[in-house]
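Reader: Could you walk me through one part of this model in detail? I'd like to hear about the sheet and whatever packs against it.

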Amino acid sequence: MERSLHQTSGTGEHKRLVVGWFSFTCCQDSTILLTELLNDHFDEWKRVVEFRHIKALKTKNSLDGLDVAFIEGGIWSESQANEVRQIRENSKYVVAIGACACTGQPSTSRNRFASEQINERIRWYLSHFDYGKEVKKLNEVVQVDDMVRGCPMKAPSFLQILQCVDDAIDLLRTLQLADDKPVRTPATASTGVGVIEAPRGLLYHTAKVDEEGVIEDYDVIVPTAQNQINIENDLKDYFNENLDKDEETLRANAESMIRA
Ligand code: SF4
């Protein structure tokens, strides 16, 4: 079930998530999709999200203090690369939006033009619009924290990432760590077992120490290992039933199954 932003906040009081939305060289279909999502989510988001930079919807924009920057499109020139670096410096998280930003395609098709294909007209465009030699995907220019794939972006993945960033920022803002002192006990030869719930499932640790407290044996059973067989079986079933779908869709759905 889709959750609302900040529904899980423990404090009841929180600042709004400060969002920037940026489009570089692209057809802006993900921006159109975002405006369609606003039709459904505007009332919910206006209380908890501040769009501080979104040129498609407002004229006064600022890069200051962005929690998350969503960036669509390929990076076609050094001036665009500099703009992206500035966005990175001002944002806690950067998320690539759509295939052009995530993988370069279809924007990077230009990189494969043979020189004899570049005629006078194309040369004119390249020189008059400050185009660089090659189109780059986003993570060739700045560090990218997450991606929403698809052409245009997959709306459910976008909503999921927005929720995750919102939760993470909320946690960082509200987390209070107690000033506990470490507990020291005299060493004895023994075996200890710890079990904790991690984001993907139960995590087990077993440690065996000698009479001086030196570790003799240590074992960790991680949730991924426990889920591995199910993940593989689910992927087999999914691919067997959906091989007629395009590569982007197959990849996005396989990634969701592995992450889930
Ligand atoms: S990924 Fe697709 S929809 Fe997005 S900008 Fe590129 S071509 Fe357009």
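Author:
**The sheet and its helices**

Keep in mind that this is a predicted model. The sheet here is an open one, built from three strands that pair antiparallel in the order β6-β7-β8. At the edges sit β6 (190-198) and β8 (215-221), each of them pairing on one side only. Ignoring direction, neighbouring strands are turned against each other by 10° on average.

Now look at β6 and β7 (residues 201-209): these two run antiparallel and are joined by nine bridges. If you want a spot to check in the viewer, take Gly194, whose bridge partner in β7 is His205. Packed on this sheet is α6, which touches β6, β7 and β8. The direction of α6 makes about 130° with that of β7.

From there, follow α6 (residues 223-242) over to α7 (residues 247-259). The axes of these two helices come within 10 Å and cross at roughly 160°. Since angles over 145 degrees count as roughly antiparallel, that makes α6 roughly antiparallel to α7. Their crossing is right-handed.

Which residues of α6 and α7 meet? On the α6 side you'll find Ile231, Asp234, Leu235, Tyr238 and Asn242, and they meet Leu250, Asn253, Ala254, Met257 and Ile258 in α7. Sorted by class, this contact has seven nonpolar residues, two polar ones and one charged.

So, to recap the route: α6 packs on the sheet, and residues of α6 also meet residues of α7.

Technical notes
Residues numbered from 1 in each chain as written. Predicted model: local features only at pLDDT ≥ 70, side-chain atom pairs only at ≥ 80, totals over all residues. Axes fitted to C-alpha atoms, helices over the stretch in contact; angles between N-to-C directions. Helix = DSSP H or I, 4+ residues; strand = E, 2+ residues; numbered from the N terminus. Parallel < 35°, antiparallel > 145°, perpendicular 65-115°, else oblique. Left-handed = near helix turned anticlockwise from the far one by under 90°. Contact = placed C-beta atoms within 7 Å. Nonpolar A, V, L, I, M, F, W, Y, C, P; charged D, E, K, R; others polar. Pairing = 2+ DSSP bridges.
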